[in-house]
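Grab a pencil and work through these exercises with the structure open beside you. Try each task before you read its solution.

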Amino acid sequence: MTTLTTPTSSPPAAPPNPLDSIPPLATSILTSDDDKTAALKLVADSIAQQRQLASRAIIFHPLTMALYIALMATISQFLYKTRGDTGVVLTTCAGVTMACLIAIRGATGGYLTLAEEMKWSFLENDEREEDVVLGSKFGDEIIGAVVLRLERNPPSPSSKRKGSGKSSSKHSGGKGIVRAWTVRMKYRGKGVGTELLEEAVKITRRELGGSAEIGFAKEHANSGMVVPELFNGGFRRREKRAAKLLEGVVESMEGRKKR
């Protein structure tokens, strides 16, 4: 006698999570030379990008626009006599415009030189001690970087360890100096830069004590100005926004600590 068995149906497989294919975002201290080199390259790219910002600042500055309009008017006044001169005037104005753009391009070319000078020695102080390099990794790609220098206060005699002539390096006081801070262009405005600054504050307070100050270096990686100060207003405003953001990060973290 045979018995009939009904096949048991297995539960349907769970649909794949579309977020599984997105690599994780992690911010930490970079330890390998390859990662540090990639971070320095990212900083160098941000310096080179300042050339475009400087060019726009020159082109759209009110003084530049006024001089350009006056130049075009002068050319038209001297060359335009009859309708037949229209082509000559337009061709001349186009040539002069191209020459002005080439001159602006040459005036801002120094940013490429500054970018090329970004080398490993930037990470070292006079004692050849390396700065702390922080990086935000999106998968295997470094999309943000911070170069942090920890300047410790000179050790006091009371801080020396008993039985040795060495002084403790941790919690000796001092300040953290952000010497470079950048995020890859397409990831800006998404909180990556803020997370990097938060990590920089944590490391500064952990290494130098809870009252250690942190701020941007006066001569940071992007502080070099190639064009006259008249056209650097945009860069100065960016520096002020960055300093204000860092102050906000410090205040926010201190507020969370007090709770």
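Let's agree on one term before we start: a residue counts as exposed when its relative accessible area is over 50%, and as buried when that area is under 20%. Keep in mind, too, that this is a predicted model.

**Exercise 1. Take stock of the chain**

Work out how many helices and strands the protein chain has, and in which pattern they follow each other.

Solution.
- Start by counting: the protein chain has six helices and five strands.
- Next, walk along the sequence, and you get the pattern β-α-α-α-α-β-β-β-α-β-α.
- Now look at burial: of the 259 residues in the protein chain, 33% are buried.
- Then turn to the surface: the chain exposes about 17,000 Å², and 57% of that comes from carbon and sulfur atoms.
- Finally, check the contacts: among those with a separation of 6 or more, 76% link residues 24 or more positions apart.

**Exercise 2. Find the two sides of helix 3**

Which residues of helix 3 are buried, and which are exposed on the other side?

Solution.
- First, get the helix in view: helix 3 covers residues 86-107, which makes 22 residues.
- Its first and last C-alpha atoms are 31 Å apart, close to the 32 Å expected at 1.5 Å a residue.
- Pick out the buried residues, and you find Val89, Cys93 and Ile104.
- Look down the axis of helix 3: the buried residues fall within an arc of 45 degrees, so they line one face of the helix.
- Here's a handy rule: an α-helix has 3.6 residues a turn, so residues three or four places apart point the same way.
- Flip to the other side of helix 3, where Thr91, Ile102, Arg105 and Gly106 are exposed.
- Last, ask what sits over the buried residues of helix 3: the cover includes helix 1 (33-59) and helix 2.

**Exercise 3. Classify two residues**

Decide for Leu67 and for Lys244: buried or exposed?

Solution.
- Locate Leu67 in helix 2, which runs over residues 62-79.
- Its relative accessible area is 54%. The cut-off for exposed is over 50%, so Leu67 is exposed.
- Leu67 also has company: with Leu63 and Leu230 it forms a nonpolar patch on the surface, and together they have about 290 Å² of accessible area.
- Now move to Lys244, found in helix 6 (residues 233-258).
- Lys244 has a relative accessible area of 63%, so it is exposed as well.
- As a last step, find Gly215: it is 29 residues from Lys244 along the chain, yet their C-alpha atoms are 9.9 Å apart.

Key. Residues numbered from 1 in each chain as written. Predicted model: local features only at pLDDT ≥ 70, side-chain atom pairs only at ≥ 80, totals over all residues. Heavy atoms only, no water. Patch = residues over 30% accessible without salt bridge, like charges linked within 9 Å, V, L, I, M, F, W, Y side chains within 5 Å. Areas by Shrake-Rupley, 256 points an atom, 1.4 Å probe, with all protein chains shown as cover. Salt bridge = Lys/Arg side-chain N within 4 Å of Asp/Glu carboxyl O. Helix = DSSP H or I, 4+ residues; strand = E, 2+ residues; numbered from the N terminus. Buried < 20%, exposed > 50% of the residue type's maximum accessible area, 1.4 Å probe, protein only. Contact = heavy atoms within 4.5 Å. Expected span 1.5 Å × (residues − 1). Arc of directions from axis to C-beta.
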